[in-house]
There are 2 protein chains.
Amino acid sequence: MARITRRQLLQGGGALSIGLLPGLATATAGPVAGFMQSAVAAGTVVQRPDYMIRAGTNENPWGPSRVALKAINGAIDLSNQYGGITDEMLALMSSLENVAADHIAIGTGSGEILKTAGMIASMQSGSVVCADPTYQDLVRYAGRAGSQIIRVPVDEGLNIDLEAMAKAIRRDTRLVYIVNPNNPIPSIIEKDRLKSFVETISKDRLVFVDEAYHEFVDNPEYGSMMELVRKGNRNLVVARTASKIHGLAGLRIGFAYAHPELITEINERKTGQINILGIKAAYASYQDEEFQNFTIRKNKESLAIVEGMFEELGLCYVKSNANFSFFETGIPVEELNARLREEGIYSGRPFPPFLNWSRISMAKPEEMRYYVQTYKRLFG
Amino acid sequence: MARITRRQLLQGGGALSIGLLPGLATATAGPVAGFMQSAVAAGTVVQRPDYMIRAGTNENPWGPSRVALKAINGAIDLSNQYGGITDEMLALMSSLENVAADHIAIGTGSGEILKTAGMIASMQSGSVVCADPTYQDLVRYAGRAGSQIIRVPVDEGLNIDLEAMAKAIRRDTRLVYIVNPNNPIPSIIEKDRLKSFVETISKDRLVFVDEAYHEFVDNPEYGSMMELVRKGNRNLVVARTASKIHGLAGLRIGFAYAHPELITEINERKTGQINILGIKAAYASYQDEEFQNFTIRKNKESLAIVEGMFEELGLCYVKSNANFSFFETGIPVEELNARLREEGIYSGRPFPPFLNWSRISMAKPEEMRYYVQTYKRLFG
């Protein structure tokens with residue numbers, strides 16, 4: 001992998017080449033200034049909390065929302081009953097996403113949608129193409145089910161390399177997997193380029209676009225591929241999840257959007273069954289715009305604190321389009337994580353081959369202030 | 001299907017032929033007497049409740065238990081977190097079932113274990129053998145995945161016909177599915193006969209024994225096939241569930257017991273992920289013997305009320321080994337169910353070819369008194 005220098009800080013938008021970073025100064029000046037005025041400039045010491053800070057698994061530290069908690073509480077007495085509100089949930093998502101309900105499947109988290117697509121792709125022998133690094137649920141399942149996994153390294157700017165992925169596709173490639181924003185690298189692929197890629201590639205094989213972090217993106221270059229589902233594409237699955245912005249990771253609710261024939265196949269092939277408290281919570285949470293907006297706002301606040309530190313310390317990082325950061329630590333991440341754990345912080349696991357890089361998930365702003373203070377004391 | 005007469009009332013034990021029903025009188029005299037002394041003999045009218053009585057899906061009307069409810073309440077705040085207590089749950093089941101933890105898999109209900117086994121069986125083309133009627137999750141999944149389903153009718157006594165099933169097995173049969181107690185017919189297969197069947201059949205193919213109603217059985221002829229798992233059988237899966245006696249149907253927790261290699265394959269092939277509230281509830285409930293004993297006692301009370309009516313009206317029925325009854329109505333079950341719904345009772349869906357038979361799940365005793373009163377008024 002090419003070494004990235006301080007001057008090559010990334011916007012996290014694949015459309016922007018290294019030489020074209022017009023938004024760099026403005027994109028970071030605000031947050032850094034805000035950060036400087038608060039904890040650091042004032043020299044405030046943040047006390048270590050009496051619990052472990054969870055900043056390793058891209059959860060939502062604020063969730064579930066109050067309305068979701070109310071929905072869970074109101075449904076506990078139904079826990080002995082089969083059934084649930086699948087039809088109501090499908091109708092809600094249909095209206096929110098402007099796509100017919102027969103274009104939607106519900107899984108036990110989007111992980112189930114990913115695995116089921118991995119299974120479907122592996123029913124004929126062949127290969128699956130994905131970026132490297134990226135989220136592993138789909139390709140791990142497909143690999144175990146007999147598919148060959150073709151991993152295409154991200155480019156020098158750490159963006160998903162669509163040209164290289166297109167070249168890596170073989171006649172036997174059954175599925176191409178794209179995570180947008182990517183994970184562990186929170187970059188995005190520019191909308192028109194991705195759309196054109198999906199339209200071309202999906203003529204001959206499945207394309208899976210995992211939009212788990214969709215709701216966090218604040219980048220004009222980004223766009224969901226839902227519009228291609230709405231237009232009737234027969235070989236595209238878009239996945240979303242209630243685990244991230246809705247803060248329902250433990251309740252396992254995720255969604256697939258696709259052509260009805262694909263939705264039927266997903267429903268027939270998946271083995272999991274959603275639980276009544278999860279579906280009730282999700283139904284409430286997807287209607288709770290206030291909580292989603294609050295989460296987005298707080299996530300930006302936390303990102304500004306962390307990215308401010310990267311700027312201050314001159315660390316290479318990828319400008320985030322999600323609820324986590326990815327930056328170069330200069331020391332093995334295993335070692336970093338052990339030191340952070342001693343200080344009460346869980347940070348992201350190693351993501352080879354980026355073994356000197358760390359993925360830090362956004363906890364609450366005060367928790368990120370403690371993280372920054374700790375990081376600077378240990379490694380600054 | 002052979003017509004069964006009043007004189008052919010069944011003990012629900014496959015070992016007992018029609019000519020050998022020594023326990024009939026004693027098995028029913030007690031409960032009927034108890035029933036006569038209460039609601040019927042006293043002529044008490046049971047008021048219609050202001051809710052629909054759920055007697056159609058074999059749930060536990062008493063669950064979740066108080067300790068499970070407490071566990072759910074205590075874990076709600078963790079709903080935004082990944083993870084759970086899988087290791088602790090495996091350790092608990094290992095100790096309760098006296099089998100090493102690597103012999104256990106957890107699914108989103110035993111339905112997930114069933115579907116995953118159906119998938120594994122269908123990975124090579126071939127057939128799956130099951131009784132008819134029986135529970136359909138496994139065979140429906142396997143059928144969609146390409147297996148041919150060979151259905152073997154129950155015998156004249158409505159018991160699973162092991163001899164006929166053995167004969168139906170072909171060279172290409174990948175899996176034989178046994179539900180014990182069976183569903184919708186709550187009969188059991190006598191332990192030594194089933195054990196010998198499983199030992200023989202599993203030499204060349206998978207055997208799946210679904211023991212969803214295991215905890216309700218009070219029949220000396222019955223025995224779990226767990227002992228063959230403990231003895232190291234490599235081609236046997238035993239399934240259990242938290243949905244029934246534990247009253248956690250809506251929270252989707254079930255278990256597979258098998259050789260570690262099979263467990264690994266189940267874990268790799270299943271697509272679902274359990275939820276944190278379900279696993280916390282199950283962990284509490286499996287330690288709550290008091291609730292399980294209470295449920296068993298109340299289930300017997302409800303069964304006595306219903307079976308008392310069958311005796312009184314001279315209806316053919318299958319003596320229950322589970323938490324539901326199966327009896328001959330003499331009218332189409334669709335028509336029966338429509339009438340019952342008008343009176344505030346959900347009853348079991350039709351189970352072809354038994355279209356003049358009804359499966360009634362045990363609700364609370366007072367609810368079953370209302371059911372009996374209603375049934376007798378409408379059809380008695």
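In this predicted model, strand β5 (residues 173-179) of chain B runs parallel to strand β6 (residues 206-210) of chain B, and 5 bridges join the two. Within this pairing, B:V176 has B:V207 in β6(B) as its bridge partner. Helix α7 (residues 191-201) of chain B packs on the sheet and touches β5, β6 and β7 (236-241) of chain B. The direction of α7(B) makes about 165° with that of β5(B).

Strands of a sheet pair through backbone hydrogen bonds, in either a parallel or an antiparallel manner. The sheet that holds β5 and β6 of chain B is open and has 7 strands, in the order β2-β8-β7-β6-β5-β3-β4, with mixed pairing. At its edges stand β2 (104-107) and β4 (148-153) of chain B; each has a single partner strand, so one side of each is left without a neighbour in the sheet. On average, neighbouring strands of this sheet are turned by 20° against each other, direction ignored.

The elements of chain B named so far, together with one further helix, have these residue ranges.

| Element (chain B) | Residues |
|---|---|
| β2 | 104-107 |
| β4 | 148-153 |
| β5 | 173-179 |
| α7 | 191-201 |
| β6 | 206-210 |
| β7 | 236-241 |
| α11 | 289-313 |

Helix α11 of chain B has 25 residues, which at 1.5 Å a residue should span 36 Å; the end C-alpha atoms of α11(B) are 36 Å apart, so the expected and modelled spans agree. After α11(B) comes B:G314, whose phi is positive, near 70°.

For the chain as a whole, values are available for chain A. Its secondary structure comes to 13 helices and 12 strands. Chain A has 380 residues, of which 61% are buried. Among contacts in chain A with a separation of 6 or more, 75% are between residues 24 or more positions apart. The exposed area of chain A is about 14500 Å², and carbon and sulfur atoms supply 49% of it.

The last topic is the relation between the copies. Two copies of a chain are related by a rotation about an axis and a shift along it. Here, a turn of 180° and a shift of 0.0 Å along the axis lay chain B on chain A with an RMSD of 0.0 Å. The two copies are therefore related as by a two-fold rotation axis. Of the residues of chain B, B:G272 comes closest to the rotation axis, its C-alpha lying at 1.9 Å. The copies meet through the same surface, because 100% of the interface residues of chain B are also interface residues in chain A.

Methods
Residues are numbered from 1 along each chain as its sequence is written. Chains are lettered from A and ligands numbered from 1 in the order in which they are written. This is a predicted model: local features need pLDDT of at least 70, side-chain atom pairs count only at pLDDT 80 or more; totals for chains, interfaces and linings use all residues. Side-chain values use heavy atoms; hydrogens and water are left out. Copies are superposed by least squares on the C-alpha atoms of residues with pLDDT of at least 70 in both. Contact means heavy atoms within 4.5 Å. Helices (H or I, at least four residues) and strands (E, at least two) are DSSP runs, numbered from the N terminus. Buried means under 20% relative accessible area, exposed over 50%, partly exposed in between (1.4 Å probe, protein chains only). Accessible areas come from the Shrake-Rupley method with a 1.4 Å probe; for residues, only the protein chains shown count as cover. Two strands pair if DSSP finds at least two bridges between them. Axes are lines fitted to C-alpha atoms, for helices over the stretch in contact, and angles run from 0 to 180 degrees between N-to-C directions. The expected span of a helix is 1.5 Å times one less than its number of residues.
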